[in-house]
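These are my notebook entries on a single structure, taken element by element. I begin with the sheets and then turn to the helices.

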Amino acid sequence: MQGSANLNVMIKAARLAGRSLVKDFREVENLQVSMKGAGDFVSKADISAEKIIRDELMEARPNYGWLAEEGGAAEGKDPTRRWIVDPLDGTTNFLHGLPHWAISIALEHKGEIVAGVVYDAAKDEMFYAEKGEGAWLNQSRLRVSGRSSMIECIFATGLPFGGRSDLPETLQDLARILPSCAGVRRFGSAALDLAYVAAGRYDGYWERSLNAWDIAAGLLIVREAGGMVGPVEGESILDSGSIVASNEPIFDKFNKLVKNT
Ligand code: IPD
Ligand code: CA
Ligand code: CA
Ligand code: CA
């Protein structure tokens with residue numbers, strides 16, 4: 001796909017940050033780590049990757065706004081556009097030497113996500129999409145799975161850690177959903193969970209208590225791969241931090257099952 005100038009900037013930033021993360025991952029035992037809350041880690045790798053992405057994006061588009069996990073938010077001169085960035089999604093995996101983590105970069109225009117990149121640097125898998133242009137993994141077009149029978153489907157979710165308040169709902173979700181499907185996976189990166197739905201590796205994914213930077217890029221990649229997304233709670237995915245995503249044939253059933261309606 002011939003991406004727009006913005007998409008190319010995002011991909012370049014993701015590759016540069018990916019190089020830094022892969023280097024840190026090789027020597028992960030020497031990394032400086034601190035805890036932001038119960039079970040919620042941040043390391044020098046997260047901070048360095050975020051700085052690389054910020055420098056790259058801000059140099060290319062100095063007027064755009066900014067929202068990122070570690071550095072917070074900044075208004076841009078252009079109030080209609082903002083980058084939404086998670087420099088390392090799957091920090092807990094990263095710090096345990098598990099090669100399942102990614103960089104997530106989204107571009108929002110007038111409240112809508114118009115471009116998204118999720119880069120699994122350890123496996124060199126670049127997932128990306130632009131509104132109306134389809135979704136891609138490296139040079140190949142992405143398509144959600146075609147499974148329509150729930151009992152053949154594999155779903156992904158996130159399990160609340162530390163003090164996350166959505167533990168009771170998630171346990172009830174599992175009791176309801178497990179008997180209806182072929183399995184539930186918890187790999188530990190919301191951005192990759194969505195990218196994997198887009199790639200047809202998972203048939204669906206749901207999670208609550210997320211932040212915009214976890215899912216902004218991935219939700220567009222799912223949509224552009226022919227999938228469907230919606231909030232679990234409230235009206236808006238990014239405002240509620242909750243998401244249900246799947247291929248089109250099962251969406252109604254899966255959405256109802258997740259919401260218990
Ligand atoms: C986390 C991952 C995880 C999800 C957590 C997120 P982080 O992001 O996406 O899969 O279950 O809620 O906080 O902290 O590793 O960037
Ligand atoms: Ca985090
Ligand atoms: Ca995250
Ligand atoms: Ca993160």
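How many bridges join strand S13 to S15, and do the two run parallel or antiparallel? I find that 4 bridges join S13 (residues 204-207) to S15, and that the two strands run antiparallel. Strands here are DSSP runs of E of at least two residues and helices are DSSP runs of H or I of at least four, numbered from the N terminus, and two strands pair if DSSP finds at least two bridges between them.

Before going further I note the basis: this is a predicted model, in which local features need pLDDT of at least 70 and side-chain atom pairs count only at pLDDT 80 or more, while totals for chains, interfaces and linings use all residues. Residues are numbered from 1 along each chain as its sequence is written, and chains are lettered from A and ligands numbered from 1 in the order in which they are written.

**Entry: the sheet around S15**

I looked up the register and found Gly204 opposite Ser246 in S15. S14 (residues 228-230) is also joined to S15, by 3 bridges and antiparallel, with Gly230 opposite Val244. The open sheet that holds these strands has 5 strands in the order S12-S11-S13-S15-S14, with mixed pairing. Its edge strands, each pairing on one side only, are S12 (183-185) and S14. S11 (residues 154-157) pairs with S12 in the parallel sense over 3 bridges, and there Ile154 stands opposite Gly183.

I then asked how S15 (residues 243-246) is covered, and found both faces covered, with Ile243 and Ala245 buried on one side and Val244 and Ser246 buried on the other. A residue is buried if 20 or more other C-beta atoms, placed from the backbone, lie within 10 Å of its own, exposed if 12 or fewer, and partly exposed in between.

Helix H6 (residues 212-224) lies across S14 and S15, running at about 30° to S15, whereas helix H8 (residues 251-259) lies across S13, S14 and S15 at about 155° to S15. Such angles run from 0 to 180 degrees between N-to-C directions, with axes fitted to C-alpha atoms, for helices over the stretch in contact.

**Entry: the sheet of 8 strands**

The other open sheet I looked up has the order S4-S3-S5-S6-S7-S8-S9-S10, again with mixed pairing. Its edge strands are S4 (72-74) and S10 (140-141). S3 (residues 64-68) and S5 (residues 78-89) pair in the parallel sense over 5 bridges, and Trp66 stands opposite Trp83 in S5. H2 packs on this sheet, touching S3, S5 and S6 (102-109), and its direction makes about 150° with that of S5. Contact here means C-beta atoms, placed from the backbone, within 7 Å.

**Entry: H1 against H2**

The axes of H1 (residues 5-26) and H2 (residues 44-60) come within 9 Å and cross at roughly 160°. That makes H1 roughly antiparallel to H2, a term used for angles over 145 degrees. Among the residues making the contact are Val9, Leu16 and Asp24 of H1 and Ala45, Ile52 and Glu56 of H2. The contact residues divide into 11 nonpolar, 2 polar and 3 charged, where Ala, Val, Leu, Ile, Met, Phe, Trp, Tyr, Cys and Pro count as nonpolar, Asp, Glu, Lys and Arg as charged, and the others, Gly among them, as polar.

Finally, I checked Arg19, which is found in H1, and which counts as partly exposed because it has 13 C-beta neighbours inside 10 Å.

Conventions: Angles under 35 degrees count as roughly parallel, over 145 as roughly antiparallel, 65 to 115 as roughly perpendicular and the rest as oblique. Two residues are in contact if their C-beta atoms, placed from the backbone, lie within 7 Å.
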